[in-house]
Amino acid sequence: GLEPPIVTVETRSVSAIRALVALTDMISWQPRAVLAIDKGAGPIIEVKTPDLTWDRQFSVFRREKGLLAPAAKKLVDEIRLLCSPEPVRIARRARK
């Protein structure tokens, strides 16, 4: 096979990565969700490579007994909706 590319730039700036890939012969790895933000807006394309695809697991930890701020509860509810393999119904309290 081919030799792996030599890392020449390391940055956490998505804008810098996009500019470098669009304006040079550099390549990068980005999550599909990040790539999709500007899909069709420029010369950056996705190269589908099975070896670079994997499932990731995330966890949310919180105290079993304790108050959860409304914003944190909404975040947890949204994560459950997005990550569930089947539709999830979340009971919502009626507003007073």
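Start by selecting Gln30, which counts as buried because its relative accessibility is 18% (buried means under 20% relative accessible area, exposed over 50%, partly exposed in between, with a 1.4 Å probe and protein chains only). You'll find Gln30 in the loop between α1 and α2. Now show what surrounds Gln30: leaving out residues up to four places away in sequence, Gln30 touches Val14, Ile17, Arg18 and Leu35 (contact means heavy atoms within 4.5 Å).

A quick word on what you're looking at. This is a predicted model, where local features need pLDDT of at least 70 and side-chain atom pairs count only at pLDDT 80 or more, while totals for chains, interfaces and linings use all residues. Residues are numbered from 1 along each chain as its sequence is written, and side-chain values use heavy atoms, with hydrogens and water left out.

Next, select residues 14-23, which make up helix α1 (helices are DSSP runs of H or I with at least four residues, strands are runs of E with at least two, and numbering starts from the N terminus). Which residues of α1 are buried? Colour Ile17, Arg18 and Val21. These sit on the same side of α1, because they cover an arc of only 100° around the axis (the arc is that of the directions from the helix axis to the C-beta atoms). Part of their cover is α2, residues 32-36. Turn to the face pointing away from the buried side and you'll meet the exposed residues Ser15 and Leu23.

Now jump to α3, residues 70-83, and pick Asp77. Is Asp77 buried or exposed? Asp77 is buried, at a relative accessible area of 6%. Asp77 forms a salt bridge with Lys73, with 3.0 Å between the closest N and O atoms (a salt bridge is a side-chain nitrogen of Lys or Arg within 4 Å of a carboxyl oxygen of Asp or Glu). Add Arg80, which also bridges to Asp77, at 3.9 Å. Together, Lys73, Asp77 and Arg80 are linked in a salt-bridge network. Lys73 is partly exposed at 37%, and so is Arg80 at 47%.

Stay in α3 for Glu78 and Lys74, another salt bridge, with closest N and O atoms 3.6 Å apart. These two are four residues apart, about one helical turn. An α-helix has 3.6 residues a turn, so residues three or four places apart point the same way.

Finally, zoom out: the protein chain has three helices and zero strands, and buried residues make up 7% of its 96 residues.
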